[in-house]
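Hi there,

Here is the structure I promised to pass on. Please have it open while you read the notes underneath.

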Amino acid sequence: MRKSIMLAVLGCVLVSGCARLLPDVKPYEREQLADPIMSFSRDPISDQYLDHVYDVREGARGATVSQGGGCGCN
Amino acid sequence: MVVTEQAVGRLIRRRYIRTIHQAGVLFILFAGVPAARAVTLPEDRADLMYHYYDGGGVTVSGPAMLVRKSVGDNVSVSGRYYVDTISSASVDVVTTASPYRDKREELSVGVDLLHGNSLASVSMISSKERDYQADTLGLNVTHDLFGGLTTLDFGFSNGKDTVGKVNETFQMDINRYNFRLGLTQVLSRSLLVGISFEDIAEDGYLNNPYRYARFGNSIMSSVPYPETYPGARDSQAVALRAVQGFSTASRPLGMSARMDYRYYRDTWDVRANTLRFTLQRYFSDRWIGEARYRYYQQSAASFYSDYFTEVMTYMARDKELSTFHSHSLGVRFSWMLSKQQLPFFNKASLNFAHDYVYFDYQDFTDIRTGQPYSFGANILQLYISGWY
């Protein structure tokens with residue numbers, strides 16, 4: 001438990017400290033970031049499908065932009 | 001050996017509980033960091049898709065539907081229905097069994113709750129085939145930091161699969177634990193980067209009950225032999241992604257370039273690298289075109305072999321666990337429809353995507369020809385999306 005709290009406090013201090021290093025992009029300057037072509041997953045239904053197609057044919061899995069379930073891998 | 005595998009499973013579960021506990025404490029403290037902009041609920045939208053895959057003697061097609069709707073200001077609910085109709089005469093099937101047809105249905109429901117700068121999501125996914133049932137319960141939390149410039153998310157899911165065999169009483173279980181951690185960072189008004197990590201621990205029956213290893217002095221003289229897999233698998237994947245926007249002659253943001261890289265490793269000694277490049281461009285206010293390339297490479301599992309000359313503790317010949325690489329090239333076109341053209345929606349898009357992927361196996365022999373196996377596949381998607 002003590003280790004967990006120390007880890008959490010350390011993480012919090014690091015994240016708070018990073019605030020000074022972060023770029024200053026004002027909310028009104030973020031219009032482009034909201035555009036569909038800037039999204040990591042423009043259409044979730046399409047990304048989920050494509051990730052599933054590769055998932056069942058490859059040994060690697062995880063850390064994709066979508067999540068799914070099941071197998072369909074025979 | 002069974003006792004050892006159960007012990008490994010228990011160890012993984014204990015480690016997960018400890019990791020989740022630590023992550024939970026970390027998140028509660030992060031939640032106290034002030035932010036000037038709150039996260040928002042996902043958009044209300046509906047998608048209807050037809051998908052088609054054809055390659056290596058396997059055809060998979062079917063519909064998929066995704067609907068999301070907000071309820072009040074702080075709650076959003078979603079539902080997804082997905083069908084795979086499978087017709088398989090793959091190299092594994094034709095060399096050890098008869099071609100078959102099957103159907104997989106997947107249903108998922110989810111609820112998103114918005115609270116301050118945090119979005120908590122709970123989802124349930126259920127997938128069913130004649131010989132396979134998978135149920136997954138997931139929890140995900142997204143939190144904005146530093147005025148919305150940084151987004152932190154973490155998630156946990158627990159899945160339970162039941163593996164069976166058609167026309168047999170055979171039935172075995174798999175337990176799966178996924179732990180995800182991600183961070184997305186705004187670096188400029190047109191540059192976004194992200195990093196994500198996922199650990200997946202499984203224990204139970206991880207074999208494919210229909211597949212066989214090969215036993216003999218050469219691949220061509222070998223005979224089928226039952227596969228045996230370890231009873232546990234623990235994997236880690238780390239992905240880095242970045243998207244940069246560019247202006248064009250007609251638009252301040254007319255094009256974007258994206259790059260994704262993922263490194264994967266697991267306790268079966270599979271190592272994999274995935275690299276993807278995507279270019280998206282507005283050809284007009286109505287048309288978006290996309291070109292993409294994906295490269296994938298993996299090393300074989302430690303207990304994989306094209307054929308075995310002696311009986312080993314673990315034996316596998318699944319080509320998904322062999323040494324191979326693949327190249328994939330694809331395009332996607334989206335046509336945006338305006339509100340005037342639509343009766344119920346604020347906006348909508350009609351989309352078509354085609355990917356061609358080529359798999360090249362280094363140590364998996366096609367026993368029909370005696371040559372290393374390779375095949376190409378076409379992946380088609382046609383879908384309509386509507387926002388309301």
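Below is what I found among the strands of chain B.

A word first on where the coordinates come from: this is a predicted model.

Let me begin with strand β1 of chain B, which spans residues 45–55. β1(B) pairs on two counts. One partner is strand β18 (residues 371–387) of chain B, with an antiparallel pairing over 11 bridges. The other is strand β2 (residues 58–71) of chain B, again antiparallel and over 11 bridges. H51(B) is a handy residue to click on here: Q381(B) in β18(B) stands opposite it, and its bridge partner in β2(B) is G62(B). What links β1(B) to β2(B)? The two strands form a hairpin with two residues between them, and G56(B) in that turn has a positive phi of about 60°.

Next, have a look at strand β4 of chain B, residues 100–115. Strand β3 (residues 75–88) of chain B pairs with β4(B) in the antiparallel sense, over 14 bridges. Within that pairing, T85(B) has K103(B) as its bridge partner. β4(B) also pairs with strand β5 (residues 118–128) of chain B, antiparallel and over 11 bridges; there, S108(B) is bridged to I125(B) in β5(B). β4(B) and β5(B) make a hairpin too, with two residues between the strands. Which residue in this turn has a positive phi? It is G116(B), at about 60°.

One general reminder for when you look at side chains: in a regular strand they alternate between the two faces of the sheet.

Happy browsing, and best wishes!

Key: Residues are numbered from 1 along each chain as its sequence is written. Chains are lettered from A and ligands numbered from 1 in the order in which they are written. This is a predicted model: local features need pLDDT of at least 70, side-chain atom pairs count only at pLDDT 80 or more; totals for chains, interfaces and linings use all residues. Two strands pair if DSSP finds at least two bridges between them. Helices (H or I, at least four residues) and strands (E, at least two) are DSSP runs, numbered from the N terminus.
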